[in-house]
Amino acid sequence: MINKPKNHISVLLSETLEYLKIRPNAVIVDCTLGLGGHTKAILDSEETIKVIGIDQDLNNLEVAKERLKGYQDRVEFVHCNFEKIAEVVDGADAILFDLGICSTHIDEAERGFSFQKEGPLDMRFDQSKDFTAYDIIKKYSAEELQEMFSKYGEETESKTVAEAIVEARKKEDIKTTTQLNSIIDTAKKFKRPGRSAGTNVFQALRIEVNEEFRVLERALEEAIDVLNPGGRLVVISYHSLEDRIVKQMFKKYEAKGKKEDEWKKIKFIIKKPLKPSEDEIERNSRSRSAMMRVVERV
Ligand SMILES: C[S@@+](CC[C@H](N)C(=O)[O-])C[C@H]1O[C@@H](n2cnc3c(N)ncnc32)[C@H](O)[C@@H]1O
């Protein structure tokens, strides 16, 4: 059964359309098709363009197919990890990454992304893979858990939380999101008002399960390669660790003005990351942490 979105609003939508610099007959790659929100707006903006929509989540791909069925001859759906972009695309005029999770991931307790809803410790974007958050919580040593919580979640009490998990799993199998959240909540001494105790640990687990940082680095390298000259690359990320990877990758390939420098080179279209307006944040609280970066292939 397809899990349909309840209220999904695409983030930085008009800014995305503006910065992709869409021209007639362009081929655009949406690396994170999700529920098809950005792609629909892209297709509506110019009737001669085509979109290749990639997502590793089969459920979201089905939702997007249904939503975009009126555009069948202008959109191609690809189920794969976006790190494989170079295998499925042969030249693109613009590429979009809108990273992270969708409302379907959070709304559906069964996917195990939300600590507010009881569900299995899963967190896989691609459900055909075997490795889940349950495997991590069951098998990683206290040191491995601590390092991961600190590196991927910037969790200040990573040692305390890791040790509490190792102690708790001696007594019972930790199988659910709410079970894990309650262990974290009890273990942590310092809690930030308005922020659930499990936020950082859940973020770290999601990154580890899906190898998000390794995959993002590889995908950006490939995306720069796939872009046609003058093509734009737009990346929307949702936390500072992710944004740092994007920034560092763009700096690595930034053209410094010399002719011999121009193989696989890009220039920055905006220097600082673009953030949503107050108005957008009010309409869609999920957009609060969004940061957009834009480069152009020279
Ligand atoms: C924030 S949502 C995109 C929402 C979309 N822009 C829209 O307007 O509906 C991110 C999507 O990227 C997908 N995704 C995350 N990492 C991925 C990866 N490595 N490869 C392919 N898809 C990925 C997720 O499954 C999710 O559907």
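How much space lies in the second largest pocket? About 320 Å³ of space lies there, whereas the largest pocket has a volume of about 1200 Å³. This is a predicted model, in which local features need pLDDT of at least 70 and side-chain atom pairs count only at pLDDT 80 or more, while totals for chains, interfaces and linings use all residues. Residues are numbered from 1 along each chain as its sequence is written, and side-chain values use heavy atoms, with hydrogens and water left out.

**Largest pocket**
- Of the 30 residues that line the largest pocket (an open set of points on a 1 Å grid over the protein atoms alone where a 1.4 Å probe fits, with protein on both sides within 12 Å along at least five of seven lines; lining residues have an atom within 4 Å of a point), the closest to its centre are I101, I106, T199, R286 and S289.
- Helix 5 (103-107) and helix 10 (199-209) each supply at least two residues of this lining, helices being DSSP runs of H or I with at least four residues, and helix 10 gives the most, with four residues.
- The lining has ten nonpolar, 14 polar and six charged residues, and it draws at least three residues from each of domain 1 (13-104 + 212-297) and domain 2 (127-209), with bounds from an automatic or database domain assignment.

**Second largest pocket**
- Among the 14 residues that line the second largest pocket, G153, E154, R192, R195 and N200 are the closest to its centre.
- Helix 10 gives the most to this lining, with three residues.
- By class, the lining divides into two nonpolar, seven polar and five charged residues, with Gly counted as polar.

Key. Points joined across faces, edges and corners; volume = space filled by probe spheres on them.
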